[in-house]
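Biologist: Please take a close look at one buried part of this model, and describe with care where it sits, what surrounds it and how far the prediction can be trusted there.

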Amino acid sequence: MTLGIRAILIGATLAAAPCNAADLPSEARAVLNRHRVPESDITVIVRDVATGASLLDVNAAMARPPASTMKLLPTWAALELLGPAYTWKTRAWTDAPVVKGVLKGNLYLQGGGDPLLTIERWWRFVTDLRQTGLRVIEGDIVIDQTRFVAEDERPEDFDGRFWRTYNVLPDAMLVNWQSSDFTIRPADDGEGIEIGIQPFPEGLMVENRVTLTDGRCVGRNRRVGYAIEPTDPGRVVVTGRMAQSCAPQTQRLAIMEPAQYAWGTFVTLWRQHGGQFTGGMLRAPTPPGARLLLTHESEPLADIVRITNKFSSNMMARSLVLAIGAEGGGTPASTATGENAIRALLTQRGLEFPELVIGNGSGLSRAARISGDSMARLLASAWKSRFAPEFLASLSLGGLDGTLEKRFSHVGDPSRIRMKTGTLKDVSAIAGYVLGDSGRTYTVVIFLNHTGVQNGDGETIQTAVIDWVLKQ
């Protein structure tokens, strides 16, 4: 669910020498110089969250790409506008009566935009639907995705890797991140290669071209690849070689289209529950006269925000922007209506960010921009919010969880660091709160934009600054 960052730690103990707010601490500057990153390529903000007093303000007004730290904006806005108890609704409707368990019409599955409709929760949806008494569907299953606008965007637009889960786009009916686990292993009878798929949606076609080999499980004898065409995402071709001595390999892939995947997994689960169905799939709005059979509620927003930030989920952050748009501007909601609602909230709270480019809210965008000053002011506002506990709980704790689980292990109590990370090509960012030795909490924002900085140098420089803040 993240872009993948490796921990780079420095071993030197940093002194807490005072410095001018416009200057970097000498130790941090030394690390910057060692990695040949000019000061013009870094923004550093350190402010006392209670008083607003500034300890460091380096290039504060410069608008920079924030990578995934941008997720702090929609998660904060969603808590403020929707409240931590907000839930998404997934519903089942019929256009004909159910008589003795038989529906002679269509079943409409209406998506509410739930960003965490996992296969386990989808299983629960199917179970509850069977408990209504429905057992035979003689018509079609119709997928209703009309809560969100169908925007002109494709999963492969960012980096061409449309099968990676970080590129999955939000959808009103998105089940299990539109993804399945492919497990490849030598067959028990030694006669070939088996591919297990979980969940296995109806309609998925898998072509197994993997060759079983002898010898050690190294090099070419353990290379397996997946080929999926963007024009035919419901067909997966698996190629390569695997030695008999190899352990099973599992890869999660985003497959099919949202409606196909939702329909396919529903049909698979429906039949597993003893339900009967012989129709096909349609895409259409739920008709006005339809009868409601079932409403399934998502996890509450507070839980969604926590998962979004701790594990840096691009799709979930984007879903928050759409939910804000749907609740504030009606449906079908678009990214633009959500962004407009967020900007209106910022203005209402006195947070004018003229340089801000939200860029879909996830940070997975080359267009997104925000200054360090604006990010620090946002964090200061969040600290004082009535929903501060929910917002703070969504940030990764140093050395403990989320994207900071393996960072800051050299700190005696790394949980004093509560932050959101961000990484893109030539971008490394971190923003959040640090508890200093004085007992004061500081808002900390560090943006680096420099060639190759995402490969470790950025984290090293961030560590040098944060080590200094810890001693304040």
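Modeller: What follows treats one helix and one of its residues, then the core around them, and then some other parts of the chain.

This is a predicted model, in which local features need pLDDT (the predictor's confidence in each residue, from 0 to 100) of at least 70 and side-chain atom pairs count only at pLDDT 80 or more, while totals for chains, interfaces and linings use all residues. Residues are numbered from 1 along each chain as its sequence is written, and side-chain values use heavy atoms, with hydrogens and water left out. The protein chain has an average pLDDT of 92, and 95% of the residues score at least 70; over residues 1–19, however, pLDDT stays under 50, and the model has 56 contacts (heavy atoms within 4.5 Å) beyond four places in sequence for that stretch.

The part I would choose is helix 5, which covers residues 301–310; helices (H or I, at least four residues) and strands (E, at least two) are DSSP runs numbered from the N terminus. Eight of the 10 residues of helix 5 are buried, so this helix is largely enclosed by the rest of the structure; buried means under 20% relative accessible area, exposed over 50% and partly exposed in between, with a 1.4 Å probe and protein chains only. These buried residues are Leu-301, Ala-302, Ile-304, Val-305, Ile-307, Thr-308, Asn-309 and Lys-310, and they pack against helix 2, helix 6, helix 9, strand 20 (396–397) and strand 21 (417–424). Just after helix 5, Ser-312 takes a positive phi of about 55°.

Within helix 5 lies Leu-301, which counts as buried at 0% relative accessibility. Apart from its neighbours within four places in sequence, Leu-301 is in contact with Ala-78, Leu-79, Leu-82, Gly-83, Pro-84, Tyr-86, Trp-88 and Leu-320. By contrast, 28 Å separates the C-alpha atoms of Leu-301 and Ala-290, although these two are 11 residues apart along the chain.

Leu-301 is also among the residues with the most contacts inside the largest nonpolar core, together with Leu-73, Trp-76, Leu-346, Met-375 and Phe-391, and that core has 51 residues. Such a core is a set of buried Ala, Val, Leu, Ile, Met, Phe, Trp, Tyr and Cys residues joined through side-chain atoms within 4.5 Å. The elements that contribute two or more residues include helix 5, helix 6 (314–329), helix 7 (335–348), helix 8 (372–383) and strand 22 (427–435), and the largest share, seven residues, comes from helix 2. A second, separate core of 44 residues includes Leu-134, Val-175, Ile-193 and Tyr-261.

Elsewhere, the whole structure holds one disulfide, a pair of cysteine sulfur atoms within 2.5 Å. Cys-217 and Cys-246 form this bond, with their sulfur atoms 2.0 Å apart, and the torsion about the S-S bond is about 105°, so the disulfide is right-handed. Cys-217 lies in the loop between strand 12 (205–213) and strand 13 (224–229), and Cys-246 in the loop between strand 14 (232–243) and strand 15 (249–254), so the pair ties together parts that are 29 residues apart in sequence. Cys-217 is partly exposed, with a relative accessible area of 24%, whereas Cys-246 is buried at 7%.
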